[in-house]
Amino acid sequence: MIKINENFLKLQASYLFAEIKNRTAAFQEAHPDSEVIKLGIGDVTRPLPRACIQAFHKAVDEMADAKTFRGYGPEQGYPFLREKIARHDFQARGADISPDEIFISDGAKCDNGNIQEIFSKDIKIAIPDPVYPVYVDTNVMAGRTGAHNQGRYDGLVYLEGSRENGFIPDLPQEKVDLIYLCYPNNPTGATISKSALKEWVDYARENKALILYDAAYESFIRNDELPKSIYEIEGARDVAIEFRSFSKTAGFTGIRCAFTVVPKSCIAYTGDGEGQALHALWYRRQSTKFNGVSYPVQRAAEAVYSEEGKIQTRELIDYYLKNAALIRQEMSALGFECIGGENSPYIWFDGGSDSWKFFDRLLEKAGVVCTPGAGFGKCGEGFIRISAFNDYENVEKALARIKKQLNS
Ligand code: PLP
């Protein structure tokens, strides 16, 4: 008899975006003449930078000629891309990362989800609340949690975010082995200072723990005091894996290109306490289960680091940051104490009521879709996430409507 992985049955229906879609569709059906503005989902809306498109086209043409055609690429990704990443994203900021510590992939989501395969079943995992759900669900699927119980999975250590701590959780009271951190944060938009991040790195070093650092939104950081990479923190090379993506940096959500950094000095332990390099394990995992990102996509990603590419991607992020600043300014003027919206595309605030009630009010009265914070965890209850990924004109229009409704 074929049996299923029963851990999948523990998963809670991921109803957040499905429910948003259903409620939005019902509203649109009831009000066919009203235009709904979506500031809910975290997907980009602007086209790819010109430099990326040109490199993409050129690489596609290379595939049409026997002399320049390429089949399977190198397992970790092409050196031309890994060298640019190491130089521009890390070494230029004083972070000692080399090209052979970078693994090109087709998404930070898959890497964040797959990485848990290289760790033991019986580790203690610390997860922020609210959280990007991939970290939790992939560990549930792998059997590292108990049942779902009153909004939480047994066996996980939840790192609570709140208005008081600015959604930068305190270090755990109990000893944990694996820690998920994400800054700039999805969903809260919070950013972490170097000194606060150093506390986590020190914790990991003292406890033989490992940090999984999701920096998918690092390109939104404009305050140079803030760390873009965890490797800007002394000692992080030995205790942290970092995830990056071209999705938000250069509008690649539909193109698919990302990378994971596994420093060669980063170790975890066997049951006997013997240190093992995680680089070798991840290399083995990826070369067994993954066959790389297409050549034209890697060339398009490389163009992000050209002189034109740098200017154009900066302009792209500036565009969304301008939206974010406007949302933050207007929501603050309405009396909501906002987190994020600076160095981040997300604005997070306490709506003063049940998250879904606020969502319905915004949809029905203003025709604006946001994301209820409750969908990201227990600590998100009452909060609202507004995303800056839309056209500026739409953001202006949405805010004018929100202002009118909430003031009336
Ligand atoms: N990590 C975080 C925190 C995200 O919010 C997202 C996407 O929304 C991802 C990773 C996924 O990135 P990718 O498109 O590279 O899979």
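## Ligand shell, pockets and cavity: worked exercises

The shell around the ligand receives at least two residues from each of α4 and α7, where helices (H or I, at least four residues) and strands (E, at least two) are DSSP runs numbered from the N terminus. The model is predicted, so that local features need pLDDT of at least 70 and side-chain atom pairs count only at pLDDT 80 or more, whereas totals for chains, interfaces and linings use all residues. Residues are numbered from 1 along each chain as its sequence is written, and side-chain values use heavy atoms, with hydrogens and water left out.

### Exercise 1: the ligand

Describe the residues around the ligand and the polar side-chain atoms that lie close to its oxygen and nitrogen atoms.

Step 1. Take as near any residue with a heavy atom within 4 Å of the molecule. There are 14 residues around the ligand, and those that come nearest are Asn186, Asp214, Tyr217, Ser245 and Ser247.

Step 2. Sort the shell by class, counting Ala, Val, Leu, Ile, Met, Phe, Trp, Tyr, Cys and Pro as nonpolar, Asp, Glu, Lys and Arg as charged, and the others, Gly among them, as polar. The shell around the ligand then holds six nonpolar, four polar and four charged residues.

Step 3. Look for polar contacts, that is, pairs of N or O atoms within 3.5 Å; within protein, one atom must be able to donate a hydrogen and the other to accept it, and residues adjacent in sequence count only if both are side-chain atoms. Asn186 places a polar side-chain atom 2.7 Å from an oxygen atom of the ligand, and Lys248 places one 2.9 Å from an oxygen atom of the ligand. For Asp214, an N or O atom of the side chain is 2.7 Å from a nitrogen atom of the ligand.

Step 4. Turn to accessible area, obtained by the Shrake-Rupley method with a 1.4 Å probe; for residues, only the protein chains shown count as cover. The ligand taken alone exposes 400 Å², of which the protein buries 90%.

### Exercise 2: the two pockets

Which space is taken by the ligand, and which residues lie nearest the centre of the second largest pocket?

Step 1. Rolling a probe the size of a water molecule over the atoms shows where empty space is left. On a 1 Å grid over the protein atoms alone, a cavity is a set of points where a 1.4 Å probe fits but cannot get out, and a pocket is an open set with protein on both sides within 12 Å along at least five of seven lines; lining residues have an atom within 4 Å of a point. Grid points are joined across faces, edges and corners, and a volume is the space filled by probe spheres set on the points.

Step 2. The ligand takes the space of the largest pocket, by the rule that more than half of a molecule's atoms lie within 2 Å of the grid points. The volume of the largest pocket is about 1300 Å³. Its lining has 42 residues, the closest to the centre being Phe17, Tyr132, Pro133, Val134 and Phe376. Two or more lining residues come from each of α1 (16-30), α4 (108-114), α5 (134-141) and α7 (246-249), with the largest share, five residues, from α5.

Step 3. The second largest pocket holds about 540 Å³ of space. Among its 20 lining residues, Asp89, Glu218, Ser219, Lys228 and Thr313 lie nearest the centre, and α10 gives the most, with four residues. By class, this lining has six nonpolar, five polar and nine charged residues.

### Exercise 3: the cavity and the cis peptide bonds

Where do the cis peptide bonds lie, and which residues line the largest cavity?

Step 1. One cavity of 30 Å³ or more is counted, and the largest cavity has a volume of about 80 Å³. Its lining includes Asp129, Pro130, Phe167, Tyr183 and Asn185, and β3 (125-129) and β7 (178-182) are the elements that give two or more residues to it.

Step 2. Asp129 and Pro130 are joined by a cis peptide bond with omega of about 5°, and Pro130 lies in the loop between β3 and α5. A cis peptide bond also joins Asn186 and Pro187, with omega of about 15°, and Pro187 lies in the loop between β7 and α6 (194-207).
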